[in-house]
Amino acid sequence: MNRRILHKVIRLRWDIIDRQQFLGYLNPFRHMPSLRCPQPGKPVFVALSRVNFRLPASTLALLILLLSGACEKAVLGGDPDTTPTAVFDALWEDVNNRYSYFEEKSIDWDAVRAAYHPLVHNGMSDRELFGLLAEMLFTLEDGHVNLTSAFGRSRNWEWFLDYPPNFNANIVERHYLGRDFHQIGPFRAQRLGDVLYVYYGSFANTVEDTHLDALLALADGSKGLIIDIRDNGGGSEQNAKRIAACLASEPLVYARSRIKTGPGREEFSEWEDQLITPRQGRRYAGKVAVLTSRSTFSAANTFAQMARVLPGAILIGDRTGGGGGTPVYAELPNGWTYRFSATQSVSPSGEHLEFGVPVDIEAALAPEDEQAGVDTIIERALEWVRG
Amino acid sequence: MKKCCLPPLLILWFATLLSGADLIRILPVTDNILQLHFDEGHLDYQGMGEDRYSGIRSYYRLLDIKKAMALSSYSLTSPDDPSYRSPRHPVALGRKSKGAEFNNLYDENEPKYLSDHFIYLELPSPMVSGNTYTVQVGELADNLNAFTFVFDEQKLRSETVHVNQHGFSPKARKYAYLSHWMGDFDNGKHTAGGLQLEAYAALKFHLIDQSTGAVVFSGPINKRKDKTRRESAIDEYGPNGNYTNADVWQCDFSAFSKPGEYVVSVERIGCSYTFEIREDIYREAYAVASHALFCQRAGIEKEVEPGWVFERDYHPDNGRQKFYYDASFVTSKHKIDSFRFEQEVDGIWGWYHDAGDWDHYPHHVRVPATLLHLYDMRAEYFRDGDVSNRYKNDPETDWINEGENGLPDLLDEAGWLVCFLRRARHALMDQGLGTGGVPGYVGREGGFESLPSWMDTRDVAVTGENPASTFDYAGLAARYARCLQRFRGIGGAVRSETIAGWIAEAKQAYAWAEQHGGDEASRSYAAAALYLATEEKAWQDTFREVYEAVNMPGWYGASMREFANLLYAVIPAGHPGLDEAFQKQVRRDLTVEFTPSLIDYSEKERGYRWSSPAQKQANILGSFSAPRTLWAATAHHFTGEQKYLDAVRSAADYFLGGNEMNMVWMTGFGEHSEPYVFHLNSWYSRDYNSRADISAIHSLFSTVQPRSAYIQSVFLGLFPQTSAPLPRFIARDKPKISMKRAITYPKGKHPAEATPPGQARIDKKCRLRYGSDTNVRARSIIYLFLLCLALPLSGKAQEAPGHKNRALHIAAGLLHFAERDEAYSSLLYSGALPSVMIGYGVEGAKKSEQVWAGLSAGNVENRFGARAGITTAGIFNYTLYHAEQEPSRGFHLGWSNNNLLSIRDFEDAANFSPRFDYHTSFGPAARYRYTFAGAFSGLSLEAVGHFQLIGFFLQSGYVSDAPDGTLGGNGSGFGELLRSASLFYPGKAWNWGLWPSLHYTLRSGTTLGFAYRYDMAILEGAHRSSSSRGYYLLTLTAKL
């Protein structure tokens, strides 16, 4: 009886695989283009069903053989092709499915394919393919798009290279922070008279509660706070939220976001409000000037948007560089990795943050000030705080 | 065990040098009736070298019966009971008597026997609890004139209260019985000696904790059976076949289970002997009873107690006797008058002594057949060192300790006779005397010159090859091989060749017996055992053929037919080729055959519960023959029904003191156990001067009183070596009944008026015709031993799901891990990760459960060398259902739950990592288990499969490392979790696995193994992630 049952089980397993086309969505292997039985036309399951089960040791051996090699292949399939065409198709397909700003940037991705695909051929070198793919991705005009291989990393930095930097690190370091600035976690802080100046160079540097407590303690008694996020390429939005939470006294909607969910141009999740939730504990209620530039990007760009909705805060400097979409990371069949934006964020009034956050007070670094070691934008902020 | 609560003053043992009818005990029957026990004296039987006719020295004074039966001989006074301020005589009395010491029947000047007399006095008014009373007997007793006691029901034992004196398992039913037969006492209310308790019906019984004196449980007493109820088809056993001649009431304290030491006290009556309640209550009894079997072994020098050694007997190297073989003398009996002592034979030794004799009978195969059956049912309960018998094959060699040989001592005992039969078979063949069969009868019947067996110089008869015995041997050899298979291989005590050798023996013996026309019952047993051991279906066909073709009687006879059917009934499910429908039929036939008699009637209808055939249970001189516990334990094994377990336990209760005699029929247990086990070597070697030695009541044989009287007195009357006529009371027609009438009172004109069978037991200081009493006694020991074994076993089986075997599993090895997270890459990441798992398993009677937790961590790579750190952990559990406890083979179904987490940190994915998958799901599970036999015994194969059907899962998002539901970032953690969770169901998610493993079980019960565990999972949320896990594990399983 037991042999009969086992035989049936095995037959059933064979049936599942052999008849996958009839089982529709029930077939767990349907996404496996490389799925095949270990011996096409003569599946191992058939062989197994003929085993004389009077010999359980042979059953065991067969089960192990079956499971150790065949199952992994059957379930997971093999790796995809790595020909330039396959790589091109994988990249184009994934961007087509998940990239979030085709419409906003008026990009005809099909046209891009039509333009670039004929240039791909299986005889091209890796570098040639890399260059071609990088060029294709460049059309997305997105600072969150990169292609990385062992020999290169493509990028689109037009979002700040076409604009004045409005930031001179030497001036900030030598004339404002000086030798005795306070290094509090990722923050560099210095009292400029009755105003606390804080430089935060990257939102990738984690902000802890203890850092914020120390910073806010330092800000006690000051007339205002200057948070300088110029030349800040972003990082984690969580850090931005933590800082903003210290400046809010009530929950504030600073943006709305949605996620790309499919290949359709309008296949997104529902818009979801993005909130600043006031911090429990020490907060700062004074004036806050947030300094931005075109190289304020991604999470820094988001922080700038937060500052826009904080009642006591203004933005001073230049429009931010954008980067409102959260990037996804992925890997091509040939091992190269890439990333691109897969979400959208808009201000409460509907402006896409991808294109930067406007400032409340425009200010630029004047060449003469720069020569004199003066940061025009900081000075403008000091003026606003003290004003 | 803590000793009795009896007031020491009530137990009046005196050194009786010249005294006669001593008053040795006064006990209450109720508050209104007293029992006075008079002992007429003592015989000092002949010692070594003394003549049996002149060697007896008697010390006695007979009770003056006339005076003893006069009311005026007794009076009762009390200083604190107003009713007895002045002496008062009893208002009625009665008597019962039994012979206790048996003299030289041919000495006309001596009494033929001395008796114990029990006088019952009905008091003019009941005694009052707590008051002091004095019984005055005047000159009636030789040792005293008066005796004073306090009537305290919680401390003063009453012969009316009967209880298992050894103890009860906490979960067992627990009864004490109230009953007493008082001989010829008859006052119109208590008629024909039967105590009538209707006036006490409203009273309660109490359980008294002996450590604190506190009442811990109380309950009513209830009438169970009337004395007119038939308990046997044999009229001579009592009025209408009633065993007791008195009503039986009961005290039910089954609801009380707290371990401790207690007595049952009944208001206005008295209390019981002490007893215990505790787990594993029968373990000591098992060890002692098993040792009793060891002491029956012939052909070795054996240590019966530390410092007390029985010399080697009946061995060719002893030089005391010659061994002769008569091929033409095919018999199973001792009657060998025409045996030709001509052809010498060598190499035949090592059988079992018969009960009272020292010879081998074919029916002794019941001993190994029973032991092997028990072991096969519950091997896990028997260990090496349980008994630790020590012996020498040769007096010049070192001691062999069976407790250190790697085999359970039970199997050592079971193998003893099997080895003897093999030895005998090969001895005959090697010497050209035999053609492949085993001899039937071997030895010489009876004792020899009042000497122990090792001094017997009579030549030994080895009778011709016996086909039935050879079939029996074939079956035993096969089943022995089956049992040994557990100890084969690395670290085991048995070599593969040994097992193969036994199976070859079994087949050869079977072929010989079949060729020579062995009987069908034995053939049936051999075929069933060979099927069990070899898994060859043809043997099953043979068994079935016999089963269906032969309508043979013998279900009640402990025949090999019964053993065959019991064996077949317990063959585990999944045994290759097992005809399960036929096995069901056999099981059904067994229950249909036995249940009405042993359960419905015997258990339910008797006053004292115990299982024996309703119509055919032998009772010889008060000794009921073996209870049928083996069948009941077996029935419980394959049905799991409580009633069978209850039957086994109630039989144990009966033989351990809950009987008419208030006597434990196993020496050394309880407060009142059988002191006269009939074991001649003990008698002959313990005290050559015949002095009673009652000082060392601590083990089976230390209480045996040496009685060289065995060969003389009544025994001589039966087998006279003189021309003297048989004593009159030894009638040949109904010797047992006649004997009972001869030495007991009241005799009565009809057996119904004589001593009821439940109280017919006498001191076994003499040997009666047929040897049945001693034989029964020995068999009782054997079967009580089996009983003791069966009880814990059956308890285990029954108490599922209460009882479970628990095991800890540890596994370590490598995980071949492969994963594809299509939100990140179409490339496969794979690699080997170190992996550990720990599991906990519970195997109950009907289901097996295991829970496993595992953790693996390390790096995997894609084909281009990009790495990802992987941590994967899981908790997997499954429950499987099966028809029997710990099935060794079969296909079992159940359900499973899997909880699997995988975290991967892609080195090139920045804050897109770490990514994870998690799912919790449920689905069906199945297991195929195959335990190897034969040359591969000890090995087992198991494959567990599961297929997950329903649950939920979480995974990193399509565009983030966090689940998609958390990306809003504004909800509560739990809310975001709910939003992120997806339903797990086929089509949306998949998870199945198959875990084949190969195990080898060491003798210690620890299991080592290799396992390959494969699991695959596919989750399709916003993206698809799939993983494949192949674990190569070494496993260690330890029983808890």
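Student: What percentage of the 387 residues of chain A count as buried?
Tutor: Keep in mind that this is a predicted model. A residue goes in the buried bin when its relative accessible area is under 20%. Run that over the 387 residues of chain A and the share that counts as buried is 54%.

Student: How many helices and strands are there in chain A?
Tutor: Chain A mixes both kinds of element. The tally is 13 helices and 14 strands.

Student: In what order do the 4 strands of the open sheet in chain A come?
Tutor: Start from the edges: β2 (152-154) and β11 (327-331) of chain A each pair on one side only. The pairing in this sheet is antiparallel, and neighbouring strands are turned by 15° against each other on average, direction ignored. Reading across chain A, the order is β2-β1-β12-β11.

Student: Which residue in β2(A) is the bridge partner of L147(A)?
Tutor: L147(A) takes us to strand β1, residues 146-149 of chain A, which pairs with β2(A) in the antiparallel sense over 3 bridges. Look in β2(A) for the partner of L147(A), and you land on S154(A).

Student: Which helix packs on the sheet by touching β1 and β2 of chain A?
Tutor: Two helices are worth checking here. Helix α4 (residues 84-98) of chain A touches β11 and β12 (337-341), with its direction at about 25° to that of β12(A). The helix you want spans residues 126-138 of chain A, and its direction makes about 165° with that of β1(A). That's helix α6 of chain A.

How values were computed
Residues numbered from 1 in each chain as written. Chains lettered and ligands numbered in written order. Predicted model: local features only at pLDDT ≥ 70, side-chain atom pairs only at ≥ 80, totals over all residues. Heavy atoms only, no water. Buried < 20%, exposed > 50% of the residue type's maximum accessible area, 1.4 Å probe, protein only. Pairing = 2+ DSSP bridges. Axes fitted to C-alpha atoms, helices over the stretch in contact; angles between N-to-C directions. Contact = heavy atoms within 4.5 Å.
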